[in-house]
Amino acid sequence: MKKISFMIPILSAAILSGCGAGNGQQDSGKLQVYTSFYAMYDFARMIGGDMAEIHNICPVGSEPHDFEPTAQDMAGLSKADVFIYNGLGMEHWADSAAETLGDDTIIVEASSAVPNITENSDPHVWLDPENAIAELEAIADSFSRADPDNAQYYMENLGNYRDKAKELDWKFENASENFSSREIITSHDAYSTLCSAYDLVQIPINGVDNEEEPTPARMAEVETHIKENNIKYIFTEPLSTSKIIDTISADTGCGVLTLDPFEGNLDNKDYFTVMNENLEALKQALN
Ligand SMILES: [Zn+2]
């Protein structure tokens with residue numbers, strides 16, 4: 001008898017914790033947030049601080065453009081209180097993944113909060129700090145709705161990072177006024193938002209998904225342009241192979257610098273660290 005009466009509370013506790021996990025609140029009791037890739041993860045952790053548990057779906061060393069979530073990723077995502085993705089085709093799997101989620105998950109397509117965006121816009125909107133603010137605001141709003149008890153905390157974090165983003169924008173604005181050249185040659189077509197914010201011109205060697213190899217004609221065209229315009233530096237980036245960039249550098253004698261689209265950072269750097277490094281690289285190339 002004793003044994004049986006002892007078992008009942010254990011069983012019901014197990015059932016209760018099982019239900020809790022199904023609703024998204026796991027053992028920590030914190031807000032459960034799932035993000036599609038690193039930029040969204042970093043923005044979510046800025047706002048969530050100690051009050052939210054952020055799970056990033058696309059592993060940090062992978063290119064998010066051709067990432068496919070596993071069944072395990074989808075099982076994790078089903079527990080989300082909030083699911084954040086950028087949108088604009090950045091994550092081709094995310095719209096259909098979002099459709100599988102129940103009504104108790106708040107879905108945030110962060111780029112939809114950015115002003116003047118059309119469905120054909122460059123998906124890499126976060127590279128303009130003003131757009132990053134809009135995405136942070138959408139995230140803070142969703143956290144406050146999902147976890148109203150901590151809304152004030154999320155809004156304070158938003159305020160702090162909004163100030164940092166405004167300061168970053170001001171630094172880019174000031175530096176770009178002194179650029180003597182305005183063209184950047186990149187491997188990946190990821191910087192049109194950044195360029196339009198600071199009056200720069202991007203010459204991408206590859207397309208948006210950064211996977212296709214340029215044709216020999218395209219390579220020759222870019223190399224001729226570099227020589228004729230006496231371009232000193234071209235840009236590679238952390239997650240792509242630099243073979244094409246190395247070839248162009250060897251053929252033309254131009255140097256190679258890193259411009260990071262902040263799609264994944266192996267050193268766990270935050271947005272502001274990476275963007276300040278990007279600014280230093282731009283100054284070196286364009287001053
Ligand atoms: Zn990209």
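How much accessible surface does the chain have, and what share of it belongs to carbon and sulfur atoms? In this predicted model, the accessible surface of the chain comes to about 13900 Å², and carbon and sulfur atoms account for 51% of that area. The chain has 287 residues, of which 49% count as buried. Its secondary structure consists of ten helices and eight strands. Of the contacts between residues at least 6 apart in sequence, 62% join residues at least 24 apart.

A zinc ion is bound by protein donors from His 65 (NE2), His 124 (NE2), His 188 (NE2) and Glu 263 (OE). These donors lie 1.8 to 2.4 Å from the zinc ion. The angles subtended by the four donor atoms run from 94 to 134 degrees, and the arrangement is therefore tetrahedral, since four donors count as tetrahedral if all angles lie between 85 and 135 degrees. Along the sequence, the donor residues follow the spacing H-x58-H-x63-H-x74-E. Within this set, His 65 and His 188 link distant parts of the chain, being 123 residues apart. His 65 belongs to the loop between β2 (52-56) and α3 (71-77), whereas His 188 belongs to the loop between β5 (183-186) and α7 (192-197). Both histidines fall under the 20% limit for burial: His 65 is buried with a relative accessible area of 10%, and His 188 is buried at 0%.

Helix α6 (residues 151-177) packs against helix α5 (residues 129-146), with the axes 9 Å apart and an angle of about 180 degrees between them. The two helices, α5 and α6, are therefore roughly antiparallel, because angles over 145 degrees are assigned to that class. On the α5 side, the residues in contact include Pro 129, Ile 133, Leu 136, Ala 140 and Phe 143. On the α6 side, they include Ala 151, Met 155, Leu 158, Arg 162 and Ala 165.

Helix α6 also packs with helix α2 (residues 38-48), here at an angle of about 120 degrees and with the axes 7 Å apart. This angle makes α2 oblique to α6. Met 46, Ile 47 and Gly 48 are the α2 residues that meet α6, where the partners are Tyr 153, Tyr 154, Asn 157, Leu 158 and Tyr 161. Leu 158 of α6 is thus listed both in the contact with α5 and in the contact with α2.

Ile 54 lies in strand β2 and is buried, with a relative accessible area of 16%. Leaving aside residues up to four places away in sequence, Ile 54 touches Val 33, Thr 35, Tyr 41, Ala 44, Arg 45 and Phe 143. Between Ile 54 and Ala 80 the C-alpha to C-alpha distance is 9.6 Å, and the two are 26 residues apart in sequence.

Most residues other than glycine have a negative phi. Leu 88, which is not a glycine, has a positive phi of about 60 degrees. Leu 88 is found in the loop between β3 (82-85) and α4 (94-99) and counts as buried at 17% relative accessibility. Asn 268 likewise has a positive phi, near 60 degrees. Asn 268 lies in the loop between β8 (255-258) and α10 (271-286); at 46% relative accessibility, Asn 268 counts as partly exposed.

Terms used:
Residues are numbered from 1 along each chain as its sequence is written. This is a predicted model: local features need pLDDT of at least 70, side-chain atom pairs count only at pLDDT 80 or more; totals for chains, interfaces and linings use all residues. Side-chain values use heavy atoms; hydrogens and water are left out. Donors are N, O and S atoms within 2.8 Å of the metal (3.2 Å for Na, K and Ca); water is not among the atoms, so sites may look incomplete. Four donors count as tetrahedral if all angles lie between 85 and 135 degrees; four count as square planar and six as octahedral if opposite donors are over 155 degrees apart and all others between 65 and 115; anything else is irregular. Helices (H or I, at least four residues) and strands (E, at least two) are DSSP runs, numbered from the N terminus. Buried means under 20% relative accessible area, exposed over 50%, partly exposed in between (1.4 Å probe, protein chains only). Contact means heavy atoms within 4.5 Å. Accessible areas come from the Shrake-Rupley method with a 1.4 Å probe; for residues, only the protein chains shown count as cover. Axes are lines fitted to C-alpha atoms, for helices over the stretch in contact, and angles run from 0 to 180 degrees between N-to-C directions. Angles under 35 degrees count as roughly parallel, over 145 as roughly antiparallel, 65 to 115 as roughly perpendicular and the rest as oblique.
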